[in-house]
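Biologist: I would like to learn how to read a structure like this one. Could we go through it feature by feature?

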Amino acid sequence: MLMTPVKPGKHCNLIVCSGCDLVVSKRALPSGVRAVCPQCHTPLYEKPYCALNGVLALCITAILLYIPAMIYPVLELHFLGSIRTSTVFEGAMAVWHQGYWVVGLGVLLGAVLAPAVLLCSILAQVLIVQTGGYKTKFGRDTLNGLLRYHGLINQLSMLEIYVISFLVTSFQLSDFADVYFGLGTLCFTLLFVVTLFLQREYNLEHMWGYVGESRDES
């Protein structure tokens with residue numbers, strides 16, 4: 001697909017051709033299409049490996065795993081005849097009430113709130129693009145706002161740290177109590193794996209291309 005040279009005063013995503021230094025507008029591409037320079041026909045970029053349908057499937061799977069990961073206990077401790085269970089949210093609140101409110105806030109933000117916001121944001125972005133809503137002013141502004149804060153939300157989501165804490169806790173408490181992993185642990189681990197693949201396949205520049213395409217058409 002031949003790309004369009006930049007028009008003066010036109011707001012869009014820009015890319016410089018490595019062959020002739022021509023500045024062209026970058027936009028989303030159909031499946032199996034490569035963008036080439038209109039002047040020297042040098043390949044510029046390709047569509048991301050995973051299509052939007054794949055991103056949507058991964059996002060829905062992650063959301064379905066998120067619900068039981070937060071509801072069911074992630075750890076079950078058997079100590080001196082007593083049994084104690086804890087969910088991710090209860091663990092964050094327990095740390096908070098013990099006076100370590102910074103750690104509790106970090107767990108609550110990185111393992112509970114930020115992942116939920118991230119998944120909902122990606123889901124909304126894909127639905128806006130899939131339904132063609134990005135071509136309207138409201139849809140374009142909504143997509144623009146979601147993309148603007150995507151990087152920050154992505155950095156705040158730290159599921160991997162909590163998964164590692166499961167393993168560390170089990171080793172540290174194994175000498176004093178029997179530690180069992182619950183259904184929440186399985187769902188949380190699968191949530192981390194699916195989210196990892198989702199972040200790998202998701203392409204922020206590709207999503208920005210739809211915003212630029214909508215502005216070019218308007």
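Modeller: Start with two packed helices, in what is a predicted model. Val88, Phe89, Ala92, Met93, Val95 and Trp96 in H2 meet a set of H3 residues that includes Trp101, Val103, Leu105, Leu108 and Val112.

Biologist: At what angle do H2 and H3 pack, and how far apart are their axes?

Modeller: The angle is about 160°, and the axes are 7 Å apart. An angle over 145 degrees counts as roughly antiparallel, so H2 and H3 are roughly antiparallel to each other. The crossing of H2 past H3 is left-handed.

Biologist: Where do the axes of H1 and H7 come in, and at what angle do they cross?

Modeller: Those axes come within 8 Å and cross at roughly 155°. By the same reasoning, H1 and H7 are therefore roughly antiparallel to each other. H1 also passes H7 in a left-handed crossing. On the H1 side the meeting residues include Val55, Cys59, Leu65 and Met70, and on the H7 side they include Phe188, Leu191, Leu198 and Glu201.

Biologist: What should I know about nonpolar side chains in general?

Modeller: In soluble globular proteins they tend to be buried together. In this model, the largest nonpolar core has 38 residues. Val88, Ile122, Val129, Leu143, Phe188, Leu191 and Met207 have the most contacts inside that core.

Biologist: Which helices supply at least two residues of this core?

Modeller: H1, H2, H3, H4, H6, H7 and H8 each do. H3 gives the most, with 10 residues.

Biologist: Take one residue, Ile122. What does Ile122 touch?

Modeller: Leaving out residues up to four places away in sequence, Ile122 touches Val55, Cys59, His150, Leu198 and Tyr202. Another core lies apart from the largest one; it has eight residues, among them Ile15, Leu22, Cys37 and Tyr45.

Biologist: How many aromatic pairs does the count come to?

Modeller: The count comes to one. The ring centres of Tyr134 and Tyr210 are 5.1 Å apart and the ring planes are at 70°, so this pair is edge-to-face. A plane angle over 60 degrees is what earns that label.

Biologist: Where in the chain are Tyr134 and Tyr210?

Modeller: Tyr134 is in the loop between H3 and H4, while Tyr210 is in helix H8. They are 76 residues apart, and the pair links distant parts of the chain.

Biologist: Is Tyr134 buried or exposed?

Modeller: Buried means under 20% relative accessible area. Tyr134 has 7% relative accessibility, so Tyr134 counts as buried. At 9%, Tyr210 counts as buried too.

Biologist: What sign does phi have in most residues other than glycine?

Modeller: Most of them have a negative phi. Asp21 has a positive value, near 65°. Asp21 sits in the loop between strand S1 and strand S2. The relative accessible area of Asp21 is 57%, so this residue is exposed. His41 also has a positive phi, near 65°, and is found in the loop between strand S3 and strand S4.

Biologist: How many helices and strands does the chain come to?

Modeller: Its secondary structure comes to eight helices and seven strands. The chain has 218 residues, of which 39% count as buried. Among contacts between residues at least 6 apart in sequence, 64% join residues at least 24 apart.

Definitions and conventions:
Residues are numbered from 1 along each chain as its sequence is written. This is a predicted model: local features need pLDDT of at least 70, side-chain atom pairs count only at pLDDT 80 or more; totals for chains, interfaces and linings use all residues. Side-chain values use heavy atoms; hydrogens and water are left out. A nonpolar core is a set of buried Ala, Val, Leu, Ile, Met, Phe, Trp, Tyr and Cys residues joined through side-chain atoms within 4.5 Å. Buried means under 20% relative accessible area, exposed over 50%, partly exposed in between (1.4 Å probe, protein chains only). Helices (H or I, at least four residues) and strands (E, at least two) are DSSP runs, numbered from the N terminus. Contact means heavy atoms within 4.5 Å. Rings of Phe, Tyr and Trp (its six-membered ring) pair if their centres lie within 6.5 Å; planes under 30 degrees apart count as stacked, over 60 as edge-to-face and the rest as tilted. Axes are lines fitted to C-alpha atoms, for helices over the stretch in contact, and angles run from 0 to 180 degrees between N-to-C directions. Angles under 35 degrees count as roughly parallel, over 145 as roughly antiparallel, 65 to 115 as roughly perpendicular and the rest as oblique. A crossing is left-handed if the near helix is turned anticlockwise from the far one by less than a right angle, and right-handed if clockwise.
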